[in-house]
Amino acid sequence: MRIGGMASGMDIDKLVGDLMKAEKQPLTGMEQEKTTLEWKRDSYRETNKLLKSLDDLIFNGINKESKLKSKAVSSTNESMVTASASASASDVTTTMQVNRLATSTSWVSNNTGVLTKDFSSFSGQTIKLNVTKGDGTAAGPVEIKLESGDTLESVLKKLNENEELGVTSFYDNTNEKVVLTKDDTGAQSSIEITDATTASILKELGFVDAFAGGKLGEMDADLDGIADDIDGDGNTFNENGVRIAGQDAEFKINGYLTTRSSNEFTINEVTYKLNAADSTKTTTIKTTTDTDAIFDNIKSFVDKYNEVIKSINEKTSESKNRDFPPLTEEQKKDMEEKEIELWEEKAKSGLLRSDSVLENALNSMRISLYTPVEGVNTDFDVLTEIGITTSSNYKENGKLEINEDKLKEAINNNPEEVYQLFNSTGSTYESKGIVDRLRDTISSTIKSIERKAGNEFRMPSQYSLGKEMNQLDDEMDRFNDRLIQIEDRYWRQFTAMETAINKYNSQFAMLMGQAGGGY
């Protein structure tokens, strides 16, 4: 604790404070320089985020065949048949009559009494099944292990959760029946019982005719003497149980009668979905180029590109206000919030003025767009040929404009050539499509900016602006140490002055006392 001015009557605290303000001026400058570097870093990173958003939109939009060669599919009767087409599908018209929908196989237990509810006696034993899907392909083998405490409900839950088995099971309390239904459709579904243990467990589930080596729903003729299929319809049953066989979908496509194990299937890159069966009705499916969807994807790219170059152009061309340096915390204390906001808006202007990295990126993107793409159809080797041009207003700095009619005409007449203009692949710059060129430029620009300004995952020591800020921190630490020494020196000097004044006052008082005593 320092106390001064007792002898001199001077405000030493204020005097030292005023002297230190002058001494601190270089520190204030360093603090402002660091703030400027932080603002510059943040502005670079904002630009990188904008470039990344453009790259993402390109990748998920005009870079995708499904987006730039998309197909529109119409159906004259969507309640019967709907369809979708891949980008590589041809423009075709198809007629379809649906005679029968595909269905799933179901198995109903044929028990005659109350089902076993407690399966604890099977603890440690395993249900082993071989499963065939409705299309005839194998899905197994399936193994489901039982544990102590298992009940009817928990066993059915284990059956439901086994993806390879692929069934939905439930217990009908009213009729005391277990019902298993295959999740997929088709006539060839089956579940084979591999061993006696599995057969025993299934018997406890109500499938009393289950036997090792047999299929669920079949009955052992050696045991009951009943044929597997009484009426020839593919369903096997006795008086207490039933296997309801799944069936394949049956339909005519362009007059040709055929079947599929599922109600959803693909023919020549067109995926059809059968919704209802009525052999007396004909549905027409038409596949065409989706001109509007492709146009919208290209327009989204153009809009985003314009947004990005506008932002970068503003950063590289805005003037720098040298009369508005960053505010220190001390300066902010005497200002209103709105005043601070307006001041900092001017102080941040021009941080990236004439930045070489950003200006090079703008030039490279413009060149990418308007250098002819070699190796593609000569009708469409530059954007202007499909109706995308640069604004004639030089103040808009390369903004793209779309002639909607011309672009839609190009898409409708030559969708493949439009796609190749954007996505042609090649080993040279000239043979690459616009997408690869732009993405290469964006990628190299982002990397250059990260070398300067880093990203949220980099330490300050890993990028150039961060290193500059670290150096400033070290300089400010050293300067603060020096300020402490200077302040101590001032206090020593004023203390010496106070001591001298106090000594003088004491001597003067003594002399005055002696002089007074002589009269």
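In this predicted model, Thr 266 sits across from Thr 271, a residue of strand E15. The two strands involved are E14, covering residues 264–267, and E15, covering residues 270–274, and they pair in the antiparallel sense over four bridges. Two residues lie between the strands of this hairpin, and Asn 268 takes a positive phi near 50° there.

A look along E14 helps to place Thr 266 further. In a regular strand, side chains alternate between the two faces of the sheet. Strand E14 shows such an alternation: Phe 265 and Ile 267 point to one face and are buried, whereas Glu 264 and Thr 266 point to the other face and are not buried.

Attention now turns to the surface and to helix H14, which spans residues 464–517. A negative surface patch brings together Glu 33, Glu 468, Asp 474, Glu 475, Asp 477 and Asp 481. Helix H14 gives the most to this patch, with five residues. One residue of the patch, Asp 474, is found in H14. Asp 474 counts as partly exposed because its relative accessibility is 42%, a value between the 20% limit for buried and the 50% limit for exposed residues.

A patch of another kind is nonpolar: Tyr 504, Phe 508 and Met 512 form it on the surface, and together they have about 340 Å² of accessible area. Among them, Phe 508 has its place in helix H14. With a relative accessibility of 42%, Phe 508 likewise counts as partly exposed.

How values were computed:
Residues are numbered from 1 along each chain as its sequence is written. This is a predicted model: local features need pLDDT of at least 70, side-chain atom pairs count only at pLDDT 80 or more; totals for chains, interfaces and linings use all residues. Side-chain values use heavy atoms; hydrogens and water are left out. Patches are made of residues with over 30% relative accessible area and no salt bridge: like charges are joined within 9 Å, nonpolar side chains (Val, Leu, Ile, Met, Phe, Trp, Tyr) within 5 Å. Accessible areas come from the Shrake-Rupley method with a 1.4 Å probe; for residues, only the protein chains shown count as cover. A salt bridge is a side-chain nitrogen of Lys or Arg within 4 Å of a carboxyl oxygen of Asp or Glu. Lys and Arg count as positive and Asp and Glu as negative; His and the chain ends are not counted. The place of a charge is taken as NZ of Lys, CZ of Arg, CG of Asp or CD of Glu. Buried means under 20% relative accessible area, exposed over 50%, partly exposed in between (1.4 Å probe, protein chains only). Two strands pair if DSSP finds at least two bridges between them.
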